[in-house]
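Here is a short tour of some local features worth a look. Please keep the sequence and the model side by side as you read.

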Amino acid sequence: MRYYTASRDRTGRREVDPYHLWYADGGLYLIGYCHLRQGVRMFAVDRIRSLTPTSRPCQMPLDFDLDAYVKDALVVMRGTPIEVELLFDQPTSAWVKGRQWHPSQQTTEQKDGRPAMTICAADTRELVGWVLHFGSGVRVISPESFRDKVRAEARKICEQA
């Protein structure tokens, strides 16, 4: 297939053994073995520019587990998992309570009624953006390195305005 890679802003040729079509967060993704990268990868279907069927046989490994493959992604971006602890303010609490964003999520209520949450998800721009979407209604408690990433991204946003 010819595939546009957004992170590299480039279209290239990929030979992929298809394993699964997966719908997440409003997008359709092809998960399969990429011969170029020599591993299982996820491709946004809307970035596939063209497909050419081949006669080469392919088979999904019997031990491939879709849930295990996507489990650390907050939505679709995969990476090294990080445990993040967040504290939400009162106005944001109604939006946070009772909502499940990720299977690893643990939410507790502080004595003052504010929700605290821990989530273990891939340390990606997607996770930073998700935290930022709560605006000033959230505070990153730990880890400090992730708090610094969120702070730096918020500064970049403000500097562009």
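Where is the place of R41? R41 sits in strand β5, which covers residues 39–44; strands here are DSSP runs of E with at least two residues, helices are runs of H or I with at least four, and both are numbered from the N terminus. Before going further, note that this is a predicted model, in which local features need pLDDT of at least 70 and side-chain atom pairs count only at pLDDT 80 or more, while totals for chains, interfaces and linings use all residues. Residues are numbered from 1 along each chain as its sequence is written, and side-chain values use heavy atoms, with hydrogens and water left out.

**Surface patches**

R41 belongs to a patch of positive charge on the surface, together with R8, R10, R37 and R78. Its relative accessible area is 33%, so R41 is partly exposed; buried means under 20%, exposed over 50%, and partly exposed in between (1.4 Å probe, protein chains only). Patch members have over 30% relative accessible area and no salt bridge, with like charges joined within 9 Å and nonpolar side chains (Val, Leu, Ile, Met, Phe, Trp, Tyr) within 5 Å. A salt bridge is a side-chain nitrogen of Lys or Arg within 4 Å of a carboxyl oxygen of Asp or Glu. For Arg, the place of the charge is taken as CZ.

A nonpolar surface patch is made by L21, Y23 and L28, with an area of about 330 Å², computed by the Shrake-Rupley method with a 1.4 Å probe. L21 is in strand β3 and counts as exposed because its relative accessibility is 53%.

**Backbone details**

Most residues other than glycine have a negative phi, and most peptide bonds are trans. Two aspartates and one proline bond are therefore worth a look against that background. The aspartates are listed here.

| Residue | Phi | Loop | Relative accessible area |
|---|---|---|---|
| D9 | about 50° | between β1 (2–5) and β2 (10–13) | 58%, exposed |
| D25 | near 50° | between β3 (16–24) and β4 (27–34) | 69%, exposed |

S142 and P143 are joined by a cis peptide bond with omega of about -5°. P143 is found in the loop between β10 (138–142) and α4 (144–160).

**A buried threonine**

Is T5 buried or exposed? T5, in strand β1, is buried because its relative accessible area is 13%. Leaving aside neighbours within four places in sequence, T5 is in contact (heavy atoms within 4.5 Å) with R10 and R14. R10 also appears in the positive patch described above.

How values were computed:
Lys, Arg positive; Asp, Glu negative; His and termini not counted.
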